[in-house]
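Reader: Got a minute to go through this one with me? I'd like to start with how the helices pack.
Author: Sure, let me pull it up.

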Amino acid sequence: MTRTARLHADGLTRCPWPGEDPLYVAYHDTEWGVPELDDRALYEKLILDGFQAGLSWITILRKRDNFRKAFDDFQPEKIARYNAKKVHALMNDAGIVRNRAKIEGAINSAKSYLKIMEDGPGFSKFIWDFVDGRPKVNHFKTTASVPASTPLSVKMSGELASRGFKFVGPTIVYAFMQATGMVNDHLATCFCHESCAGKRRSPRLKVK
């Protein structure tokens, strides 16, 4: 369905996808599309996007604090050491998405993340090099114009998968690129479009 940006009661024009949900609107306004440069925060977002597969992002967003508690604040050093007992505990945690393949995928991805951190300049540099270190700014006017994946997300997906990351298909990776500001896919008439590239968010910004 083709949708354009919509005017909200507060006088701001936004992308249509957050609707009127206060949590979703806050996420749209303060996080989505803002360049994220923190290594650990990028790992967290990639893992949460993997958990989103087959679900909606708002489902994950509502459970994000539960995920952070269950997964030791997404510290890869700890997640990489998770054993069968920890996986069993996570599978019994009603506060998160209980999917064994995704949980085990997060563990594998933590190990792959640590390998990148050990071998090179860091996960952030590795990720941002795909866009030469700066956001790609699009100027879409409708949601129908926004792609589900791109040749670049296919390339990043392949590279991540080759390094052992799980749940990193091209569509998941493109959603990750949008959320972390690698591409600015706020609709051109959204109030966030112009400001996004100039923002730098705190690595631990929480939306309540």
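Reader: Which hand is the crossing where α2 passes α10?
Author: Right-handed: that is how α2 passes α10. Bear in mind that this is a predicted model.

Reader: And which residues of α2 and α10 make the contact?
Author: From α2 you have Leu-42, Lys-45, Leu-46, Asp-49 and Gly-50. On the α10 side, the contact uses Ile-172, Ala-175, Phe-176 and Ala-179.

Reader: How do the residues of that contact divide into nonpolar, polar and charged?
Author: There are 6 nonpolar, 1 polar and 2 charged residues where α2 meets α10.

Reader: What about the angle between them, and how far apart are the axes?
Author: The angle is about 135 degrees, and the axes are 9 Å apart. For orientation, α2 covers residues 39-52 and α10 covers residues 170-179.

Reader: So what do we call α2 and α10 relative to each other?
Author: Oblique. Over 145 degrees would count as roughly antiparallel, and α2 packs on α10 at about 135 degrees, so the pair is oblique.

Reader: Switching to cysteines. How many disulfides does the structure hold?
Author: It holds 0 disulfides.

Reader: Why no bond for Cys-190?
Author: Because the closest cysteine sulfur, in Cys-15, is 3.9 Å from the sulfur of Cys-190, which is too far for a bond. A disulfide needs the two sulfurs within 2.5 Å.

Reader: And Cys-196, which cysteine sulfur is nearest there?
Author: That of Cys-192, 5.6 Å away, and Cys-196 is in no disulfide.

Reader: Are Cys-190 and Cys-196 buried or exposed?
Author: Cys-190 counts as buried, with 4% relative accessibility. Cys-196 counts as buried too, at 1%.

Reader: OK, backbone next. What is phi of Phe-74?
Author: Near 55 degrees, so a positive value in a residue that isn't glycine. Most residues other than glycine have a negative phi.

Reader: Where is Phe-74 found?
Author: In the loop between α4 (64-70) and α5 (76-79). At 0% relative accessibility, Phe-74 counts as buried.

Reader: What's phi of Asp-132?
Author: Near 55 degrees, again positive in a non-glycine residue.

Reader: And where does Asp-132 sit, buried or exposed?
Author: Asp-132 is in the loop between α8 (123-128) and β3 (136-137). With 60% relative accessibility, Asp-132 counts as exposed, whereas Phe-74 counts as buried.

Definitions and conventions:
Residues numbered from 1 in each chain as written. Predicted model: local features only at pLDDT ≥ 70, side-chain atom pairs only at ≥ 80, totals over all residues. Heavy atoms only, no water. Axes fitted to C-alpha atoms, helices over the stretch in contact; angles between N-to-C directions. Helix = DSSP H or I, 4+ residues; strand = E, 2+ residues; numbered from the N terminus. Parallel < 35°, antiparallel > 145°, perpendicular 65-115°, else oblique. Left-handed = near helix turned anticlockwise from the far one by under 90°. Contact = heavy atoms within 4.5 Å. Nonpolar A, V, L, I, M, F, W, Y, C, P; charged D, E, K, R; others polar. Buried < 20%, exposed > 50% of the residue type's maximum accessible area, 1.4 Å probe, protein only.
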